[in-house]
Amino acid sequence: MGNLKLKGKDILKLGYPNNQSVNVALEVMKRNFATKNIHYVKSLLKEILIHPENFEKDLTFGQIAETLLSSKKTEKRMLNSQRAAFEIFGNNISEEAKNQLYTALKLPVSVQGALMPDAHSGYGLPIGGVLAVENAVIPYGVGMDIGCRMSLSILDTPVSYLNGARDKYEKALAEHTKFGMYETHKSHTDHEIFDRDTFDLIPVLRRLKGKAIKQMGSSGGGNHFVEFGEVEITEEDEQIGLPKGKYLGILSHSGSRGMGAEIAQYYSRVAVEQCPLPKEAQQFAWLDLSTHLGLEYWTAMNLAGDYASACHDDIHRRLVKAVGGRVKARIENHHNFAWKEIHNGKEVIVHRKGATPANENELGMIPGSMTAKGFIVRGKGNPDSLNSASHGAGRAHSRGECRNLFTQNDIKKELKLKDVTLMGGNTEEAPMAYKNIHEVMNAQSELVDILGTFQPRIVRMDR
């Protein structure tokens, strides 16, 4: 790797103003053109200086252009005294989670918010929190595991095979799923996502591409899982296209792995620098979508979401190849994301951190726990929830509490009672750690219709 011998005084000699634009130009050029000839680099910088407006939307040079076009100082933002409109669904929600939403609703960019019935406190926006803002994106409102999602494949295999050939399904999970920070597949899938030029246009992504290729088709630690189980379709829906009855299913829950986490960390840090807020609200620092950094994060976030989806495709492909059968239907939905949507006649950015999109007629999957049923749902498009629903049962006990409250023996008893085989898992994810999924579903009957259920039978998690 070359070392570009470019200095601040070289940039000043080109005619750059003696302000932040010099530091930004220096950083961008050293990061992107370390091996290039200094005369070539200077000619690029001169071109940007003469016509910065031509480079505003450029993913490499946009930040330099923006600094040249704007001399605004970074001023501390104050919170509004009044909260934006909001709705809370369900009763079993901690005061801490509510207070986190209340702080977010006072941001000057906030338009509307909601808490789902599975809500519990998180970092920044609570898990189960939904927040609509104007022309901005909040990295911690999206969360660390960008694009985390549920994916359900319904197979044409008779559901009785789960008992009759249980060993075969356990073996498939043991051999074809990988979890946590260190497990990866020996053979890597050559997915089209790695051909995208976005990886080359944004420096933080360029650095993460190798990791993303290595972790393709793997799942995270914590509450992420891959399961074989019994699907029961109780209401026919033309999008699913299956008659009522029982089917064998594969359900997975995971996100964008190390790539998503590093994108989140980098842009959260940048947002705090760009958008100083009072101490109690600093995790809600946002990036304006009219700025280069806002556009950069939005582009990276969308790539991370597509990568998370590609990981699930790979997980399901490997398992179906191992156990046989054909996929008759697939239901997938994500959370930990931000969407551009129209609400009350105007475009807003809707953050759903641990909340499922539930637009009218949109299908989704809401899991319970490793032993409790999950639910296949169809959204009702309720404007009070910003067209959202819960993303699961939600935690009743924190991970720390679980380590003190439950033992492996407690989990074994519950697994035996519900006829579930667990591979991996720990007390932090004990079935008793979660709220009652039936109460959660009852609290959101205005948000979704139930079309069917998924009962886990063989569950694989990180050890």
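The legends below describe close-up views of a predicted model.

**View 1. The position that UniProt lists as an active site, His-391.**
In an unreviewed entry, UniProt places the feature "active site" at His-391. The residue lies in the loop between strand 15 and helix 13, the latter formed by residues 399-405. His-391 counts as buried because its relative accessibility is 11%, and the cut-off for buried is under 20%. Leaving out residues up to four places away in sequence, His-391 touches Asp-118, Ile-127, Met-150, His-335, Gly-354, Ala-355, Thr-356, Ile-366 and Pro-367.

**View 2. Asp-145 and His-224, listed by UniProt under "binding site".**
The record, again an unreviewed entry, gives Asp-145 and His-224 for this feature. Although they are spread over 80 residues of sequence, they cluster in space, with a largest C-alpha distance of 11.0 Å. Asp-145 belongs to the loop that runs between helix 6 (139-142) and strand 5 (149-155). With a relative accessibility of 17%, Asp-145 counts as buried. When neighbours within four places in sequence are set aside, the contacts of Asp-145 are His-224, Ser-254, Gly-255, Ser-256, Arg-257 and Asn-336. The two residues named in the record, Asp-145 and His-224, are therefore in contact with each other in this model.

**View 3. The packing of helix 3 against helix 4.**
Two packed helices are described by the angle between their axes and the distance between the axes. For helix 3 (residues 38-50) and helix 4 (residues 62-69), the angle is about 45 degrees and the axes are 9 Å apart. Helix 3 is therefore oblique to helix 4. The crossing of these two helices is right-handed. Helix 3 contributes Leu-45, Ile-48 and Leu-49 to the contact, and helix 4 contributes Ile-64, Ala-65 and Leu-68. By type, the residues of this contact are six nonpolar, no polar and no charged.

**View 4. The crossing of helix 8 and helix 12.**
Helix 8 comprises residues 166-176 and helix 12 comprises residues 292-323; their axes come within 10 Å and cross at roughly 140 degrees. This angle makes helix 8 oblique to helix 12, because the label roughly antiparallel is reserved for angles over 145 degrees. Helix 8 passes helix 12 in a right-handed crossing. On the side of helix 8, the contact is made by Lys-168, Tyr-169, Ala-172, Leu-173 and His-176, and on the side of helix 12 by Arg-318, Leu-319, Ala-322 and Val-323. The residues of this contact divide into six nonpolar, one polar and two charged.

**View 5. Val-448 in strand 17.**
Strand 17 covers residues 448-461, and Val-448 lies within this strand. Val-448 is buried because its relative accessible area is 5%, where buried means under 20%. Apart from neighbours within four places in sequence, Val-448 is in contact with Ala-358, Val-377, Arg-378, Gly-379, Lys-380, Ala-389 and Met-441. Asn-387 is 61 residues away from Val-448 along the chain, and the C-alpha atoms of the two residues are separated by 9.4 Å.

**View 6. Asn-382 in the loop between strand 14 and strand 15.**
The loop that holds Asn-382 joins strand 14 (374-379) to strand 15 (388-390). Asn-382 counts as buried, with 10% relative accessibility. Its contacts, not counting neighbours within four places in sequence, are Ala-358, Asn-387, Glu-446 and Leu-447. Ala-358 is also one of the contacts of Val-448, the residue of the previous view.

**View 7. Asn-344 and Asp-419, two residues with a positive phi.**
Most residues other than glycine have a negative phi. Asn-344 is not a glycine, yet has a positive phi of about 50 degrees. This residue lies in the loop between strand 10 (337-343) and strand 11 (346-353). Asn-344 is exposed because its relative accessible area is 74%, and exposed means over 50%. Asp-419 likewise has a positive phi, near 55 degrees. Asp-419 is found in the loop between helix 14 (408-417) and strand 16 (421-423). At 38% relative accessibility, Asp-419 counts as partly exposed, a label for values between the cut-offs for buried and exposed.

Note on methods
Residues are numbered from 1 along each chain as its sequence is written. This is a predicted model: local features need pLDDT of at least 70, side-chain atom pairs count only at pLDDT 80 or more; totals for chains, interfaces and linings use all residues. Side-chain values use heavy atoms; hydrogens and water are left out. Helices (H or I, at least four residues) and strands (E, at least two) are DSSP runs, numbered from the N terminus. Buried means under 20% relative accessible area, exposed over 50%, partly exposed in between (1.4 Å probe, protein chains only). Contact means heavy atoms within 4.5 Å. Axes are lines fitted to C-alpha atoms, for helices over the stretch in contact, and angles run from 0 to 180 degrees between N-to-C directions. Angles under 35 degrees count as roughly parallel, over 145 as roughly antiparallel, 65 to 115 as roughly perpendicular and the rest as oblique. A crossing is left-handed if the near helix is turned anticlockwise from the far one by less than a right angle, and right-handed if clockwise. Ala, Val, Leu, Ile, Met, Phe, Trp, Tyr, Cys and Pro count as nonpolar, Asp, Glu, Lys and Arg as charged, and the others, Gly among them, as polar. UniProt positions are given in the numbering used here, feature names are shortened, and annotations may be inferred rather than shown by experiment.
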